[in-house]
Each structure stands twice: as C-alpha cells, then as structure tokens.
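Here are a few exercises to work through with the model open in your viewer. Try each one before you read the solution.

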Amino acid sequence: MCLEGYAFRLRPVTDQDAGFVVELRNTPGLNQYLHAGATGVEEQLAWQARYYDRTDSYYFMVERRTNEVAEGVFGLYNVDRNTATAEWGSWILRPDSLAAVESVYLLYRIAFEQVGLQSVYCRTVAENRKVVSFHDSCGITARRILPGHYEIRGKKYDAVEHRLELAVWSTVRTRLERLSQLTARRMNRG
C-alpha cells in the first residue's frame, strides 16, 4: 500500500530500510518516548520478518517524492476489521524533516480511504509536549488522558489519546491538505 502526496510519499518498509530504521530509532533525543527497538540490523530484520506475517498492521517508510530520501517511519497497527478502528504510532522522523504534516495526512487518507476505517487513534506520551501539540494543531479535538499507560525503560508515563472519526475526517483533511501544499511549495522554493 503506497500513497503519494505533494512532497512526500508513504510506502511499505522493506528489508533494505532496516539500517535506516535502526539508525533513526537509536538517535538520542528522537527515541526518548519510544519503546526500545532493535539495536542492530539483524535484530531489525527479524522484527520486520514477524511484521510481514501480520495481517493487522502496516509499517510505512516516509520519503521525499523527488529523490526518495528517507524521512522517517511509522505504523498503522491493531487494525480491527470488526470495529473498523486502528491505532497509529511509532512515528519518528529525521530531526530536519518537513514531512510531519504530510505524513500524517497521507496516513489518515490510507486509514479512511483505502483501509476503510471509521476511527483512528494515536497515543502519545503526555510529556512529549511537542507531539501532543502537533496533534492538537491538526484539529483533532477528541482527546483523553490515559494515566500510567506506558512504561518505557522502567518509567511510567501518562498518555494522551487523540482519536479521529471518519465523520470529522473531511474537516481535518482540508486543514492537513492545505498545510501539506504550503510545505511542498516552500520546499520547491528552497
């Protein structure tokens, strides 16, 4: 499952991406609120092999359309076909990436328009204020606090859950699409 946007695209992660994934997920400052992942390429390839067998998950590479430079990764997982819901997360982008808005826009398009979901949620460590603020700025107003939801490296964290329903997707879509277009224009000028 692939989807092209204005400046970026989403495509399935492949074995060739394992080195980039390991490097990105082990970058200090980027991984503070992520569960520990693979520390080497072989370990990442083993994880990906298990992922390829799953029928309820999609793991995406975010890359630039113009030159296929990798920008980041994230997943849509725990897809429940009975309730038409899923969670997205494990979102991590290079520090200099401009792909945040468009990668989320593309993920929601896949979730609602290709997978056919009715509801998609994302859970963020509450202390990760930058990402919580990003979700708020997308226009997602359905949110709740999940006390002690995460344990990362032995520490408990509250989570903020943002939930987007298909019924309000068109409003959020308009906002994210407009911001994606502005980012693409800015990149083309630079």
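**Exercise 1. Work out whether Phe134 is buried or exposed, then do the matching check for Trp91.**

Start with Phe134: its relative accessible area is 15%. Buried means under 20%, so Phe134 is buried. Trp91 comes out at 17% relative accessibility, so this residue counts as buried too. Keep in mind that this is a predicted model.

**Exercise 2. Classify the ring pair formed by Trp91 and Phe134, and say where its two members sit.**

First, the geometry: the ring centres of Trp91 and Phe134 are 5.2 Å apart, and the planes meet at 45°. Planes under 30 degrees apart count as stacked and those over 60 as edge-to-face, so this pair is tilted. Next, the location: Trp91 belongs to strand S5 (residues 85-93) and Phe134 to helix H4 (residues 129-137). With the two positions 43 residues apart, the pair links distant parts of the chain.

Now zoom out. Ring pairs join Trp91 and Phe134 into a cluster that also includes Tyr58, Phe60, Phe74, Trp88, Tyr108, Phe112 and Trp169. Searching the whole structure turns up 15 aromatic pairs. One of them is Tyr51 with Tyr59: centres 5.7 Å apart, planes at 70°, so edge-to-face. Both Tyr51 and Tyr59 are buried.

**Exercise 3. Find which residues of helix H2 are buried, and decide how they are arranged around the axis.**

Get the helix itself straight first. H2 covers residues 41-52, and its 12 residues reach 16 Å from first C-alpha to last, close to the 16 Å expected. Its buried residues are Gln44, Gln48 and Tyr51. They cover an arc of only 55° around the axis, which puts them on the same side of H2. That fits the general rule: an α-helix has 3.6 residues a turn, so residues three or four places apart point the same way.

What covers that side? Helix H1 (18-25) and strand S3 (58-64) are among the elements that do. Turn to the face away from the buried side and you meet the exposed residues Glu42 and Arg50.

**Exercise 4. Count the disulfides, and explain why Cys138 is not in one.**

The count is 0. For Cys138, look for the closest cysteine sulfur: that of Cys122 lies 9.8 Å away, too far for a bond. The cut-off here is 2.5 Å. As for surroundings, Cys138 is buried at 3% relative accessible area, whereas Cys2 is exposed at 51%.

How values were computed. Residues are numbered from 1 along each chain as its sequence is written. This is a predicted model: local features need pLDDT of at least 70, side-chain atom pairs count only at pLDDT 80 or more; totals for chains, interfaces and linings use all residues. Side-chain values use heavy atoms; hydrogens and water are left out. Buried means under 20% relative accessible area, exposed over 50%, partly exposed in between (1.4 Å probe, protein chains only). Helices (H or I, at least four residues) and strands (E, at least two) are DSSP runs, numbered from the N terminus. The expected span of a helix is 1.5 Å times one less than its number of residues. The arc is that of the directions from the helix axis to the C-beta atoms. Contact means heavy atoms within 4.5 Å. Rings of Phe, Tyr and Trp (its six-membered ring) pair if their centres lie within 6.5 Å; planes under 30 degrees apart count as stacked, over 60 as edge-to-face and the rest as tilted.
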